[in-house]
2 protein chains.
Amino acid sequence: MFAAEIERAAREVDASIRAGINVPVPKDPGGGFTHEQHKRNYRTIFAAGQLYRLTGEARYRDHVRDLLLAYADLYPGLGPHPAQANQTAGRLFWQSLNDSVFLVNAVQGYAPVRAALSAADRQRIDDRVIRPMAQFLSDGSPEVIGRIHNHATWACAGVGLAGYLLGDRELVDKALLGLDKSGKSGFLRQLDLLFSPDGYYAEGPYYQRYAIQPFAVFGAAIAANDPDRRIFDYRDGILKKAIRTTVDVTHNGHFLPINDAMPDKTLRTEELYHAVAIGYAATKDPAFLSIAKWQGRTVLTPEGQALAADLAAGKAAPWNFGSRLLGDGPEGKDGALVLLRARPAIDGPLLVAKNGVQGMGHGHLDRLNWLYSDDNGPVITDYGAARFLNVEAKQGGRYLPENDSWASATVAHNTLVVDGKSQFDGKWRVGENHPARQLSTGLDGPTRWSIGAIDQAYKGVAIRRALVMLDVDGLAEPLILDLLQASSSGRHVYDLPLHFSGHIIDSDIEFARNLAERPVLGRAHGYQHLWVDGEGSKAGKARLTWMKASRFYSYHALPPAGARYLIVESGANDPAFNLRREPALIQRVEGATDASFVGLLEPHGSYDASAETVVASSARVAALDHRRVPDADLVIITLADGRRIAVAVASDVAAGTAHRITLDGRQLGWTGPVGRFDLAPAGAKK
Amino acid sequence: MFAAEIERAAREVDASIRAGINVPVPKDPGGGFTHEQHKRNYRTIFAAGQLYRLTGEARYRDHVRDLLLAYADLYPGLGPHPAQANQTAGRLFWQSLNDSVFLVNAVQGYAPVRAALSAADRQRIDDRVIRPMAQFLSDGSPEVIGRIHNHATWACAGVGLAGYLLGDRELVDKALLGLDKSGKSGFLRQLDLLFSPDGYYAEGPYYQRYAIQPFAVFGAAIAANDPDRRIFDYRDGILKKAIRTTVDVTHNGHFLPINDAMPDKTLRTEELYHAVAIGYAATKDPAFLSIAKWQGRTVLTPEGQALAADLAAGKAAPWNFGSRLLGDGPEGKDGALVLLRARPAIDGPLLVAKNGVQGMGHGHLDRLNWLYSDDNGPVITDYGAARFLNVEAKQGGRYLPENDSWASATVAHNTLVVDGKSQFDGKWRVGENHPARQLSTGLDGPTRWSIGAIDQAYKGVAIRRALVMLDVDGLAEPLILDLLQASSSGRHVYDLPLHFSGHIIDSDIEFARNLAERPVLGRAHGYQHLWVDGEGSKAGKARLTWMKASRFYSYHALPPAGARYLIVESGANDPAFNLRREPALIQRVEGATDASFVGLLEPHGSYDASAETVVASSARVAALDHRRVPDADLVIITLADGRRIAVAVASDVAAGTAHRITLDGRQLGWTGPVGRFDLAPAGAKK
């Protein structure tokens, strides 16, 4: 693998050498020529520097030098980038964030060649590129580096790496402790505040991926240059935890698309090549090697080299993709992200419960949202971000207006919408003050669960949701039980959307369909983006079945009496064709005070297009029954073969509380919030 | 590979042995339990018989015997299948076609064990299963076996294989020559009439895939049992040609989805494992081995074994995926299917021009349709069939009503619709009488083309279309030029749809959008299934750019003056959610007599989500100009760098005719229907 990396890098760098130095005057926004060219250049500087370290070949050294000397001509004369957007302007790029990334890469490429340059060249590069960039990104941009935010982490990493390279302790200390060196900002403070004690990043998986590179790279530099800091042991090993959790918050290698996220981001990214190599160097945990194997790539650094050698030596062990309770917030007390996995496979069934914090400006208004994925990919989905990253024609690759109006709205998620408005009336800054609460979590055994709650998302409405993943004998895939309960003294409209991926096969709901004219569901809070395909109702349990790739999925719903069902699709009021068009089922009750929505997702059957075989295209769940018993809710799932599974969810979430109820004359007892009872078919032999 | 096949088959057969014999009374339609169980049984009989041949292990022989004896108990008492549909009823299955497939497989599994059974068992199986099935499918179903149709081929193969097995010449002759042995029907007549001289099958690629198995398997049996017939040399080697062409009419292994076709069918299917193994046995062409390698599978027969051995021995050679002119109709004179490929790769750029016959009941009303695919999959698309194969909830997996109302309609294709009606007024039986004409084809060099025409699709309207695939220096992908011309003495509405796959990025057409209420385009001929997202116009060349996976695609249009553009999507008037929702651009002119539509598809740029790099997201084609010169149309493509490519399409399609025109004072001459002139930028040095 490492030989392939060298070969690939050599090919690219040699092509760059042949093409000659191209350091254009900054002009274009993301996706435009000068933007992409400066990105190519920092990649080339990084790669050529590493190649020089590995091969000692002069042309690599000279190319790094020539590129940086060209920047030495250009950089000092630059003012704010002409295409600056609402973000903080950079010099080389439209936002200073990209300038930070440039510096992080450039220092790593420059370091291996620096000692081999003439004193004059070295000084010119130090004084006209590295130092002024570091200065711009530190004292020159206090409003960036002083934040507790991934942009600041990139800035700190660039500034700190430059400081170590130049032997400039001042720069290093500013990077570590903030411009005033008080420790109220800077890298260490970011480590304190941006990760929960479980290594979960405040903005969610997509930005955890992005932030992990400067955290890991600067962390490794601190470990090398300031070993006494024992940075990898800092805060109980938070850097190592953060790297591990970055891997855990993926499914089939794709970062969970919660908050503002592009769904195509995977572990096969530059950031994760760095993070996995550094994580392996810091822990020697052979599970990192199996992730590297999945990635098929690594970095050209010494850490990457060591990792590739151990992988080649067959030292890899499987990564344990297990269930995890990731406390959210700096102290881990602001709710949680819960991952329930049925099998340790990278693409095994995964239920995600999002019961944490807002996640700053890139967070969505989606407390108590849930997702489900399996080897077919996302099944119960999150839209992610409305954005075409780096596509110039789509507003230069920036977040699009529909990111606010649709993607971050509550109705774009699988969680309760009250009175047609987003949580916190759509105000994410208000949401910053109100995390969800994680009431109980069960990670092990055949019955795993997450219970979360929030009372502040909607004034006067308390919402609680229990999600239970059930392994059932004879069913290849788990069942997902959802019990969402709203309680209020006032009357409300409750909408519970379910966004799913697949083609509708059938339903026992009689929908009145909008066949020849398609209206829009509402006017604001995301509803303006939903076409209404049909509306219907059904007494008792209803079912919607869809198909995705090789499997069928039936969603069984038991909403409050009088509920209606809406089939909708995103894409209305989208003048610039910015939205993907994806279906959802909405359960709606109007004028209710308290309301319980019981849902059951049942993956079933298999479809083999090649062999033209289909099995179990019909649902196995025959009935769904919900009753309130003293201090608990009882949901009874009846399978087609007559077996019944009773799931009891207690009001009291204390782990040690014993509960006892009577079902059909039988006493059922359990301890803790969730009890489960597999009952033989009525009349079956005991 | 062969060892893996044996292992897989042994695993499945052993599971079947453990599960015991399950031969249910026929009840369910496609996708239902009894349907799937009888399918499993014939697969098991086939596999167990082959395993017995390969291993000599008694349990395989006994399992074949026990299964067939169970059928011996069941079969003679069966009447028409209770779930029979509009097709001809079978005994075991809802349509007799599946019974034929059963017999083809059962004979192949029974043959290796037959001699090893007791005389009583053998006779019971012969007399109560094989012979009555063969009799039902021959004399018992004259309306099936007497047709010139794939159903008849399956019947002939089953009957003929049974005849060879039982030593019953009568059955063999009926299979070969028809029930009356006149040769007016039967296998040989099917070979005469169902394939064109180029081995292209009358119903198109999807059914060619399906039909090739009985053709190949029965062909191999004839070669083995009646070597004097020299069946593989019959009709100038039509069987070998047919097998080769079956591979050629795929892209990235997927059968081209023209006519009634499921788009997920690939070379990785049972039919093709048989066909490739038999094709290799008949030709020893090592290119078949590389197809087998792509398939990753083969059959358990001696042919599969020999193929696997040669593949393992490293004898494979690449399949030459080249451009092909596949004449259509029994004599190859009824138009053609034209494949233009830019590179010999299995997933290389491929332009398909469909200028052939109707293709019987599964044919679509799409003369002069075109498609384009590349390594991102289909780009200019065909909806294929409206059907969920074997999905019971979707009308038992049958063709759905929307297959007639949408999928086969002209507007569902990339070809001209006149006055809002499908070709031949929507009547496929009328279409059977009117193939398109293939006027000229150029398969080689950097400028490849197809010119087709039809005058009978719409009364009084002559339509001619030239599609030209242009390799251009500096462009990674070819340009596709489309010149469609309609001429009529009357005034008409001309609609030219372009169905594309991808997400719209931008357009220079100002669309008036239906943002909050979405109307339907029309009432019949497929228009009732199209939602209208917007309508606009633009003087001169217009552009629509979309993105699919890693690439951008710009479609440049230069329709007649006054044309309007409609952005539409399939899915309206679809009460049972049977349709996929896919976009199209329609160019519309009203009240025109003659009309020329010039289109240019430009694939460009690349998007790398992992590396976050984008190149060439803007189109390179800056202008498109069309002028009529004496006896030719001249289209001038101007690239962003100033280069111009002039493409001349002569009215006279004779290959030897010399043409001469003047462009900007320069004399340009060429021979044959298509000329091409790459012109340096104005003012550039010569």
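Me: How do you know that chain A and chain B are related by a rotation axis?

Reply: In this predicted model, a turn of 180 degrees with a shift of 0.0 Å along the axis lays chain A on chain B with an RMSD of 0.0 Å. The two copies are therefore related as by a two-fold rotation axis.

Me: Which residue of chain A comes closest to the rotation axis?

Reply: That residue is A:Arg518, whose C-alpha lies 2.5 Å from the axis.

Me: What makes you say that the copies meet through the same surface?

Reply: Of the interface residues of chain A, 98% are also interface residues in chain B, so the copies meet through the same surface.

Me: How many helices and strands does chain A have?

Reply: There are 16 helices and 30 strands in chain A.

Me: Why is chain A called as compact as a globular protein of that length?

Reply: The globule rule, 2.2 Å times the number of residues to the power 0.38, gives 26 Å for 686 residues. The radius of gyration of chain A is 27 Å, close to that value, so chain A is as compact as a globular protein of its length. Along its principal axes, the C-alpha trace spans about 90 × 55 × 55 Å.

Me: What percentage of the residues in chain A is called buried?

Reply: A residue is buried when its relative accessible area is under 20%. By that cut-off, 62% of the 686 residues in chain A are buried. The chain exposes about 23,300 Å², and carbon and sulfur atoms supply 49% of this area.

Me: What share of the contacts in chain A joins residues 24 or more positions apart?

Reply: A contact needs heavy atoms within 4.5 Å. Among contacts in chain A with a separation of 6 or more, 65% come from residues 24 or more positions apart.

Me: Which domains does the domain assignment give for chain A?

Reply: Domain 1 covers 1-193, domain 2 covers 201-320, domain 3 covers 324-619 and domain 4 covers 620-686. Between the C-alpha centres of domain 2 and domain 4 of chain A the distance is 42 Å.

Me: What is in the span that UniProt annotates as "Alginate lyase"?

Reply: The unreviewed UniProt entry places this domain at residues 43-251 of chain A. The span is 67% helix and 1% strand, and its end C-alpha atoms lie 28 Å apart.

Me: What is in the span annotated as "Exo-oligoalginate lyase C-terminal"?

Reply: The unreviewed UniProt entry gives that name to residues 640-672 of chain A. Residues 640-672 are 0% helix and 58% strand, with end C-alpha atoms 29 Å apart.

Key:
Residues are numbered from 1 along each chain as its sequence is written. Chains are lettered from A and ligands numbered from 1 in the order in which they are written. This is a predicted model: local features need pLDDT of at least 70, side-chain atom pairs count only at pLDDT 80 or more; totals for chains, interfaces and linings use all residues. Side-chain values use heavy atoms; hydrogens and water are left out. Domain bounds come from an automatic or database domain assignment. UniProt positions are given in the numbering used here, feature names are shortened, and annotations may be inferred rather than shown by experiment. Helices (H or I, at least four residues) and strands (E, at least two) are DSSP runs, numbered from the N terminus. Buried means under 20% relative accessible area, exposed over 50%, partly exposed in between (1.4 Å probe, protein chains only). Accessible areas come from the Shrake-Rupley method with a 1.4 Å probe; for residues, only the protein chains shown count as cover. Copies are superposed by least squares on the C-alpha atoms of residues with pLDDT of at least 70 in both.
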